[in-house]
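Here is an informal walk through one chain, written for someone who would rather be at the bench. Have a look at the sequence and the model first.

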Amino acid sequence: MSTAAKLTLASTALATVGIVFFVHRQQKSDQAAMHEGVIRDMEQQRIKRERQLDFEMQRQLEEEYRKVQHVSDGRNS
């Protein structure tokens with residue numbers, strides 16, 4: 001085999017290994033980013049549920065207080 005053919009084969013093999021390594025690394029990075037997105041979404045849903053429960057509790061307390069005492073809305077009636 002000639003020197004030029006050996007250099008071409010070596011550079012092609014090196015480029016192929018480099019591309020495979022880069023693609024593998026990029027896929028792992030994308031997978032990690034997607035996983036972080038799922039975790040972030042789950043945390044946002046948890047916070048939303050907690051806020052909704054707090055809102056419901058405050059609404060129930062307001063209804064109980066309105067039954068017990070007269071509350072004006074601040075308008076001159």
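What follows goes from the overall build to the salt bridges, and then to a surface patch and the tail.

This is a predicted model, in which local features need pLDDT of at least 70 and side-chain atom pairs count only at pLDDT 80 or more, while totals for chains, interfaces and linings use all residues. Residues are numbered from 1 along each chain as its sequence is written, and side-chain values use heavy atoms, with hydrogens and water left out.

**Overall build**

The chain has one helix and zero strands; helices (H or I, at least four residues) and strands (E, at least two) are DSSP runs, numbered from the N terminus. Its radius of gyration is 32 Å, well over the 11 Å that the globule rule gives for 77 residues, so the chain is more spread out than a compact globule. That radius is taken over C-alpha atoms, and the rule is 2.2 Å times the number of residues to the power 0.38. Along the principal axes, the C-alpha trace spans about 100 × 25 × 5 Å.

How much of the chain counts as buried? Just 1% of the 77 residues do, where buried means under 20% relative accessible area, exposed over 50%, and partly exposed in between (1.4 Å probe, protein chains only). The accessible surface comes to about 7600 Å², and 59% of that belongs to carbon and sulfur atoms. Areas like these come from the Shrake-Rupley method with a 1.4 Å probe; for residues, only the protein chains shown count as cover.

**Salt bridges**

A search of the whole structure turns up five salt bridges, each being a side-chain nitrogen of Lys or Arg within 4 Å of a carboxyl oxygen of Asp or Glu. Three of the pairs are among those in the table.

| Pair | N to O distance | Relative accessible area |
|---|---|---|
| R46 and E50 | 2.4 Å | R46 32%, E50 40% |
| E56 and R59 | 2.7 Å | E56 25%, R59 36% |
| R66 and E62 | 2.9 Å | R66 48%, E62 40% |

The spacing along helix 1 is worth a glance. R46 and E50 both lie there, four residues apart, which is about one turn of the helix. E56 and R59 are three residues apart in helix 1, so about one helical turn separates them. R66 and E62 are four residues apart in that helix, again about one turn. R46 and E50 also belong to something bigger than a pair: together with E43, they are linked in a network of salt bridges.

**A greasy spot and the tail**

Which residues make the nonpolar surface patch of about 300 Å²? I19, F22 and V23 do. Patches are made of residues with over 30% relative accessible area and no salt bridge: like charges are joined within 9 Å, nonpolar side chains (Val, Leu, Ile, Met, Phe, Trp, Tyr) within 5 Å. I19 lies in helix 1 and is exposed, with a relative accessible area of 54%.

Now for the other piece of the chain. R75 lies in the segment after helix 1 (3-68). At 64% relative accessibility, R75 counts as exposed. The C-alpha atoms of R75 and A13 are 82 Å apart, with their positions 62 residues apart along the chain.
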